[in-house]
Amino acid sequence: MKWLLITTIGKNPGDEWIRIGIQKIINEIDPDNECVLLDKEEPSKYKIPLEFDKCIWCGMPVFWSLAEEQNCKIFWWKDLMFGWPSERRSDFMVLGAGSFFPWGKELETITYKEQLAKSAQDILNRSYCVTARDHVVSKVTNKSIPYMICPAVFSVIDYKKSHELKLANIMPQGSHYAVFGSQEAAIWNKKKYEISKILQQNDFTCVAHNQKEIQFAQNCGWEKIISYNGNPYELLDYYGCCGKYFGNRVHGAIIARGNDADVWSVGYDSRQEAVKLSGARISKPSELNLDEIANWAASDIKAEPFAMDLEFEKQKEIVKRFMLAGKTSPKTQSKPISDSSKKRILFVRTDSIGDNVLASSILPHIYEKYGNPEITVVCQEHIAQLYQHCPYVNDIITFNRKQAVENESYRNEIVGQLRAFKPDIAMNSVFSREPLTDIFTIASQAKELIALEGDLSNISAEIKNKHDQFYTKLLPSEGENKTELLRHKDFLAGFNIDAKSLKPVVWTTREDEKFAEEFFETNGLEPEKTIALFPAAQHCHKFYDNYKTVLQNFREFNFLILGGNDAKEYAAEICGNFPDNCKDLTGKTTICQMAEIIKKCRLYLGADSAGVHIACVVGTENVALLGGGHFGRFIPYSNLTSIVCLPLDCFGGNWKCKYQKAHCVNGIEPKVVDCAIRQTLQRKSDRPRIFVQGNSLWQPQQNQPLWQAFDGMLDTDSVEIIPVGEIPQQTYQNWQGKLCSQKGKFAEAIKHFTKALKVNPYDRNTVLNCGKILSEHNKIQEAKTLYNCYLQKYPDDKKILDSLAKLRINKTAKTDDGDEAYLVSAIVSTYNAEKFIRGCLEDLENQTIADKLEIIIVNSGLEQNEEKIVKEFQQKYKNIVYIKTDQREGIYSAWNRAVKIAKGKFITNANTDDRHSKNALEIMANELLANCEVGLVYGDQIRTKTPNDTFENNCGTDVMKQPEYSHERLLFGCCTGSQPMWRKSFHDKIGYFDETLTCAGDKCVEMAEQEICQSA
């Protein structure tokens, strides 16, 4: 059965508990249900499926008669508008505890009475099921309507039921809606403080659902406070242990009753009817007696029977009756809903806050690619709030990381939730995969399991290789030093998504914005004179001890200390030094509230990358202390960022620091941070800045790391490097050369590079930087000389070899007719070889005779994404010819096509899964050039079982020594191996490959080889 479940846009626990409870009811009735969830703030991005079997609206009010245009009903809540055909009206079931008129708002064109009357009439027209609030309608219409228990009560049934906790939820603003602004509100405001003291004395724990309640609880001196962090299941953990509850929040009382707790609820609005139905004690504020409350609070916990088992069965029968007998329109009967075209995507992110902020940039592209898919995000509990208001996410599955790693049964429980989603695609976009990321992705049982090939930062090679075999697709992301956003671009490229630029997002709400506005206003803060400080970090090695020294020179600013509870100790120390202009917000904001706070500040300062990413998202300039763990990978990527760093020879250690203290962070001198802050405040930049502490400011003791430049660890072309203190002459001249080249000052850049090379002619970074600017200014021969000089000492340096291979000027001679005459033409015939094609082309372009090599690729009806990769290489290299056939053809038809257009003197076949030594083609070509009587040459081979092994770094199992050639030996097999080279001219004598052979390919090669060798 196809169900449409429309939930509220409000992301508070009450709304979530309603959804969880309704899902339980549906699952009870229809175990094989397919439930479509619709709960987004931007319905314009979603197409409401008209062809469904049943629809349920839960939570907030539904307005059937507010507007009717073109036979369409409008349901209104805040700025949310859903269009729906009026004929569908009787197919609706409405579940919830709320009132049915706008809270605090009235539409200009409709009076309250008209609203009430029309809503009441429509409620009467609904099929079968109504809500507890509808007793008001009964009074208006004089008609009896059966009540429905608020589904939130079912969310906690059978959850834990240990009954050892006493919980209180004190809403300082009143008894939900109706008390606010009334005489009862004044009574409540007087009593709430005394009631709080009574409950504290009797070992109650305060449950705070928002920032105002947290503040109220702290003002009242509550020591035990549980705050809502965006995960409704976490609060269910507590309510599932509740035995006694006092509060004026409706849903708190409802789910406490679901656990058989003894509940005392305060209030008298229509929503309290749902609480009364559950068997709770209800009082108006004016009816509360403090002595009676004290006696009740001190009494033993006795679970009051819910006595709702029969009612629950009634609810199921009502829903079942609705499901079986509810009216359906002819359209629905003739065309049942089918969501088969809507992809169900599981987006797995098991990492930290900053990683998820960066990963947010992927979601819009995935959403657009698959056209309104159902996306469920898997993330840690405290990160869920990042996705709560994301317009591209339908649901969030959260987990406790520590439990997931250590507790198998808990891990299996999470896996059960993943499988219940029934994903079509599970996407693991984490580059540094870890066992937990792989387990959740693979165990989801999605039809497609897709991940990045990734690195070994967080996982062993053995485990990674084991997991790799379960993925249906592993996406490449080549290169050692890439920012995380470029890794995300590579991930999207695996889905044929060309993301020109990626923009991380933090989806905040108007409430988050108001929180920041009110905080600044209440505390008299000026945004231009306020600095946000993040003193702690997830990793202990990122903690910096000298913030208070740095801030001494900026006393004209106010400082807001942000972060979680782990930062409280640091915050207290800093606030102690700046009591008049420092505010401690640690543990007092959500991530989204923090984002809005940072947005209003003049500057952000901290060592944790999460805060830097958020600052970049909200447009606030930031100064970040960057250590060497993953230097340059996560930041810098924004011109808003100024990095402060102390480059050491231990950089690149993946935060597995071998020192007791992380010198790369704690060794940073305050004067360097001071310089970065002042320059950031004084002038804007068109690129990220890196303020580098010079070696003169780092005097290492024995057994401490040495100063060392970081050039090879990030793309220095994209940043501005600003040394603070003296640095080595070699490094200084190199960086000055980079700076001049960035400004287009070629002559000055060459002077600096020349000075650097006089100090050390074999400094790799200087050679690369100088060679690049030479080639950019068409000084090709000078660049070649520079690279070749370096290679005399370091012949196997891959980066220098790559740079030499990419020099394309004068790479070929010209024939008389103007065509390029290559020495060698390599034929690459590809069919469904996406996994190998990139490595194949890199292998060929890295050959020592790449400037004399023609690559001819024949696409024989491929079904994968080779073409995109080929075109990417064609943009970089001019020596690639691409042929695409309309229909699939045999390998020898493809080879013949290539041979006929080849311009090379010699031909070789380059199979997509084969790799060469760097000088393999040069050696074979030189043999043919030196021996005109030889028609074909070949070499020995190494055999490996590891895909995409390179010749230099392979896991070869054995060496295949090819025997000496003889005509007779060809009778017993292909003795020349799979990578021979032969003269193109012999095809004029002996013809081409036999295209009639579709399976005995080796025989065809053998015959051709024999003919070639005989002709020679």
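So, the parallel sheet. Six strands make an open sheet here, and the order across it is β10-β9-β8-β11-β12-β13, with parallel pairing. Keep in mind as we go that this is a predicted model. At the edges sit β10, residues 225–227, and β13, residues 281–283, and each of those pairs on one side only. On average, neighbouring strands in this sheet are turned by 25° against each other, ignoring direction.

Let's zoom in on one edge. β9, residues 205–208, pairs with β10 in the parallel sense over three bridges. If you want a spot to click on, C206 stands opposite I225 in β10.

What packs on this sheet? Helix α7, residues 232–239, does, and it touches β8 (165–169), β9, β10 and β11 (242–247). The direction of α7 makes about 130° with that of β8. Then there's helix α10, residues 290–298, which also packs on the sheet and touches β8, β11, β12 (262–266) and β13. For α10, the angle to the direction of β11 is about 165°.

Okay, moving along the chain to strand β14, residues 344–348. Buried or exposed? Mostly covered: five of its five residues are buried. R344, L346 and V348 point one way from the strand, while I345 and F347 point the other way, and all are buried. Yes, that includes the arginine, R344.

β14 has parallel partners, too. Five bridges join β14 to strand β15, residues 374–380, and the two run parallel. β14 also pairs with strand β17, residues 425–428, in the parallel sense, over four bridges. F347 is a handy residue to find in the viewer: it stands opposite V377 in β15, and it stands opposite M427 in β17.

Next, a pair of helices. The axes of α20, residues 510–522, and α23, residues 591–600, come within 8 Å and cross at roughly 50°. An angle from 35 to 65 degrees falls outside both the roughly parallel and the roughly perpendicular ranges, so α20 and α23 are oblique to each other. As for handedness, α20 passes α23 in a right-handed crossing.

Which residues make the contact? From α20 we have D512, E513, F515, A516, E517, F519 and F520, and from α23 we have C592, Q593, E596, I597 and K600. Sort the contact between α20 and α23 by class and you get six nonpolar, one polar and five charged residues.

Last stop is another sheet, further along. Again six strands form an open sheet, in the order β32-β31-β30-β33-β37-β34, and here the pairing is mixed. The edge strands are β32, at 880–885, and β34, at 936–937, each pairing on one side only. Strand β31, residues 853–860, is joined to β32 by six bridges, and those two run parallel. Within that pairing, I856 has V881 in β32 as its bridge partner. And lying across β30 (824–830), β31 and β32 is helix α33, residues 866–876, which runs at about 155° to β32.

To step back to the whole chain: there are 37 helices and 37 strands. Of the 1016 residues, 57% count as buried. And if you take contacts between residues at least 6 apart in sequence, 69% of them join residues at least 24 apart. That's the tour, so let's open the structure and look around.

Terms used. Residues are numbered from 1 along each chain as its sequence is written. This is a predicted model: local features need pLDDT of at least 70, side-chain atom pairs count only at pLDDT 80 or more; totals for chains, interfaces and linings use all residues. Side-chain values use heavy atoms; hydrogens and water are left out. Axes are lines fitted to C-alpha atoms, for helices over the stretch in contact, and angles run from 0 to 180 degrees between N-to-C directions. Angles under 35 degrees count as roughly parallel, over 145 as roughly antiparallel, 65 to 115 as roughly perpendicular and the rest as oblique. A crossing is left-handed if the near helix is turned anticlockwise from the far one by less than a right angle, and right-handed if clockwise. Contact means heavy atoms within 4.5 Å. Ala, Val, Leu, Ile, Met, Phe, Trp, Tyr, Cys and Pro count as nonpolar, Asp, Glu, Lys and Arg as charged, and the others, Gly among them, as polar. Two strands pair if DSSP finds at least two bridges between them. Buried means under 20% relative accessible area, exposed over 50%, partly exposed in between (1.4 Å probe, protein chains only).
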